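Visitor: Could you walk me through this model and explain the terms as we go?
Guide: Gladly, let us look together.

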Amino acid sequence: MTVSHILGYPRIGAQRELKKVTEAYWKGDVTREALEATGQALRLSHWQTQQAAGLDMVSVGDFAFYDQVLNVSVMLGAVPARFNAQQEVSTGSVDLDTAFRMARGRAPSGTPAAACEMTKYFDTNYHYLVPELHKGQAFTLASQRLFDEVEEALQAGFTPKVTLTGPLTWLWLGKTKGQEFDRLELLDSVLDVYSDILSRLATQGIEWVQLDEPALVQDLPLAWQQAYERAYHRLQSAPVKLLVATYFGALGDNLSLTTRLPVDGLHIDAVRAPGQVESVIDRLSPHQVLSVGLVDGRNIWRADLAALRERLLPLKVRLGQRLWLAPSCSLLHVPVDLRQETELDAELVNWLAFARQKLDEVVTLARLIDNRTTPADEQRLSAATRALDERRESARIHQPAVSERLAAITAQDSQRQSPYAQRSHAQRRLLALPLFPTTTIGSFPQTDAIRAARRAFKAGELSQADYEARMREEIAYAVERQEALGLDVPVHGEAERNDMVEYFGEQLDGFAFTRFGWVQSYGSRCVKPPIIFGDVTRPTPMTVRWSEYAQSLTQKPMKGMLTGPVTILQWSFVRDDQPRATTCRQIALALRDEVCDLEKAGIHVIQIDEPALREGLPLRQSEWQAYLDWAVESFQLSAAGVSDSTQIHTHMCYSEFNDIIGAIAALDADVITIETSRSDMQLLNAFQDFAYPNEIGPGVYDIHTPNIPDIEWMVTLMEKALEKIPAERLWVNPDCGLKTRGWAEVEPALANMVEAAHQLRQRY
Ligand code: GLN
Ligand code: ZN
């Protein structure tokens with residue numbers, strides 16, 4: 001029999017129950033008992049779901065009130081000293097509130113302290129809490145939660161497989177604090193605790209433990225490769241069976257290393273890396289099981305069961321009982337249950353599978369290759385084949401005009417008419433801006449009044465005309481405030497936008513939106529990515545009337561505001577029937593039309609935001625260039641249709657540019673605004689070293705805090721910038737958009753910023 005299992009299930013609940021209860025707990029609206037009870041109810045219901053679907057084991061250890069990596073940090077006693085938990089750690093009972101304080105700085109009990117850093121988990125949009133590592137740090141088993149959950153599952157009669165971030169991936173995800181040192185120095189002490197954990201699990205009667213080691217799909221230094229061997233030899237003596245789970249890509253140069261690990265099984269990603277399956281099998285030792293991840297855990301498309309069966313049959317012949325089936329990775333990265341999507345049209349629903357549906361796919365596949373199919377399986381098989389056929393042929397997906405336009409793209413289309421040096425003259429003539437021009441990144445406060453108006457409009461309580469009139473009032477207010485503040489390049493403020501991707505997706509053809517397609521982004525925060533299902537076109541202009549209106553209110557050059565093609569792609573579920581690059585170019589062409597229409601409407605400064613450009617980087621450096629090539633080309637395609645005198649801006653809100661500065665320069669935006677205030681302008685070194693040729697607006701204050709930046713401080717920051725970039729190419733602006741702030745903070749902050757620019761003008 002082929003074993004079917006999953007690497008993890010979404011924990012948020014179909015109705016985001018976990019989000020609601022944790023937020024209520026943080027606010028003090030529900031008790032700890034109520035919080036724990038909801039957690040337990042969710043776990044039980046998820047196990048029930050997995051068992052009812054026919055999986056051979058249920059996944060325990062994938063639940064977390066905040067983050068599964070944080071859970072491991074807590075379990076290892078890696079609680080930074082500022083949280084005052086030494087006592088809890090030494091008694092092996094770190095409190096849940098301590099974990100919440102690590103995650104968000106505060107909790108209903110305990111003294112607030114600076115939260116741990118949070119960052120994206122590999123190339124997903126899921127954020128984990130970065131383990132803090134100190135030289136000489138000691139680890140100890142500091143939480144019993146996992147064992148309690150195992151007990152809970154056993155009591156309820158389930159067969160659990162325990163899942164846990166593996167020791168090396170945990171260290172790999174960690175960052176050293178204080179004195180620099182080699183993280184691997186800590187490995188032995190970490191392994192001591194893992195050994196304890198595995199022994200405890202064995203006494204509870206656990207047979208299989210899955211250790212997630214996605215670090216194995218990345219470029220690992222030699223010392224880390226060797227550490228893998230050392231670590232797993234050490235864990236080999238544990239009285240449980242170990243399944244090392246790899247996902248998000250190919251093992252590549254870690255292939256022989258991984259297959260040589262003395263463990264009982266491996267899981268590999270056969271969706272992202274279909275080519276590696278046979279070579280892994282060639283190297284597997286005769287007792288090892290191979291869990292093949294053939295159902296896509298990162299996307300929402302229905303699996304082609306017939307094709308997968310064909311793919312699996314020869315593997316079954318080679319592996320027999322040693323073949324396991326699973327989704328490619330944890331289902332944490334997809335929405336919970338498609339059956340809730342009663343408002344999505346039936347045709348589209350038929351093409352999709354969310355977490356709940358993916359369980360059925362895995363189970364049916366296992367039975368198909370075992371020749372023990374039930375009538376339900378036969379029905380699923382033929383339904384999948386029919387749906388896939390319909391999807392392939394659907395007129396909603398393929399628009400000949402789109403492929404023709406893509407095929408006709410020439411190298412010229414992604415190049416501006418003249419090089420920057422020439423354009424800048426034309427722009428200076430047209431825009432007549434002072435030295436150190438001031439601007440903002442686009443959004444102004446999304447007030448309760450704005451949100452209430454949008455809710456009323458969506459609920460049908462406010463007419464389209466009334467809603468638009470309300471948004472115009474907001475725009476007029478934002479423009480008036482900017483006039484009063486004396487900003488040189490005002491914006492309309494983005495009042496009309498719910499979200500920077502959703503807003504565009506809703507107006508483009510080829511996008512669909514779910515009602516409950518939530519995916520955990522971090523802690524209690526969930527996002528609902530759009531689904532790009534078909535060729536992308538722009539039926540009508542999207543932003544022109546708003547920008548035109550805003551321009552009519554001022555003599556200053558109004559900056560038009562768009563989300564870039566790479567960011568729209570990156571924050572959506574995308575088609576799996578064509579390369580990402582193709583989808584990205586389609587979005588780029590739709591945006592190009594918008595950019596040209598804005599220009600025609602008299603908007604001569606246009607910003608195309610690409611905050612997600614960097615996070616699209618592949619996990620392997622060898623694949624970076626290919627990605628950057630099409631990402632850069634897409635941006636250029638969207639931007640390059642305008643005349644020299646139209647100034648193109650872009651914005652990115654992260655702080656690592658060193659390794660992609662060449663691509664950033666290749667975007668050839670006339671102006672780039674970036675987040676720098678917290679880096680003390682260090683970030684500009686990359687631009688200086690590269691001799692970055694165009695204009696830069698290094699953010700002079702951090703919009704993530706309510707603090708009002710003072711004038712002197714911003715002048716000092718700009719003086720640091722001036723050591724690296726000449727005055728004629730510097731702009732003055734905040735780090736990012738202001739939508740999360742209130743006007744009471746924004747006005748004095750911008751007034752100070754404008755004053756700082758004035759003082760700089762007097763000196764240079
Ligand atoms: N224009 C957007 C805004 O101001 C940019 C947001 C972002 O960088 N993520 O809000
Ligand atoms: Zn930003």
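Visitor: In what order do the 5 strands of the open sheet stand?
Guide: The order is S17-S18-S19-S20-S21, with parallel pairing. This is a predicted model, in which local features need pLDDT of at least 70, side-chain atom pairs count only at pLDDT 80 or more, and totals for chains, interfaces and linings use all residues. Residues are numbered from 1 along each chain as its sequence is written, chains are lettered from A and ligands numbered from 1 in the order in which they are written, and side-chain values use heavy atoms, without hydrogens and water.

Visitor: How do you know that S17 pairs with strand S18?
Guide: Two strands pair if DSSP finds at least two bridges between them. S17 and S18 (residues 605-609) are joined by 5 bridges, so they meet that definition.

Visitor: What makes Cys653 a donor of the zinc ion (ligand 2)?
Guide: Donors are N, O and S atoms within 2.8 Å of the metal (3.2 Å for Na, K and Ca); water is not among the atoms, so sites may look incomplete. The SG of Cys653 is one of the protein donors, which lie 2.1 to 2.5 Å from the zinc ion (ligand 2).

Visitor: Why is the site of the zinc ion (ligand 2) called irregular?
Guide: Four donors count as tetrahedral if all angles lie between 85 and 135 degrees; four count as square planar and six as octahedral if opposite donors are over 155 degrees apart and all others between 65 and 115; anything else is irregular. Here the angles among the 4 donor atoms are 83 to 125 degrees, so the site is irregular.

Visitor: Why is His651 called buried?
Guide: Buried means under 20% relative accessible area, exposed over 50%, partly exposed in between (1.4 Å probe, protein chains only). His651 has 3% relative accessibility, so it counts as buried.

Definitions and conventions
Helix = DSSP H or I, 4+ residues; strand = E, 2+ residues; numbered from the N terminus.
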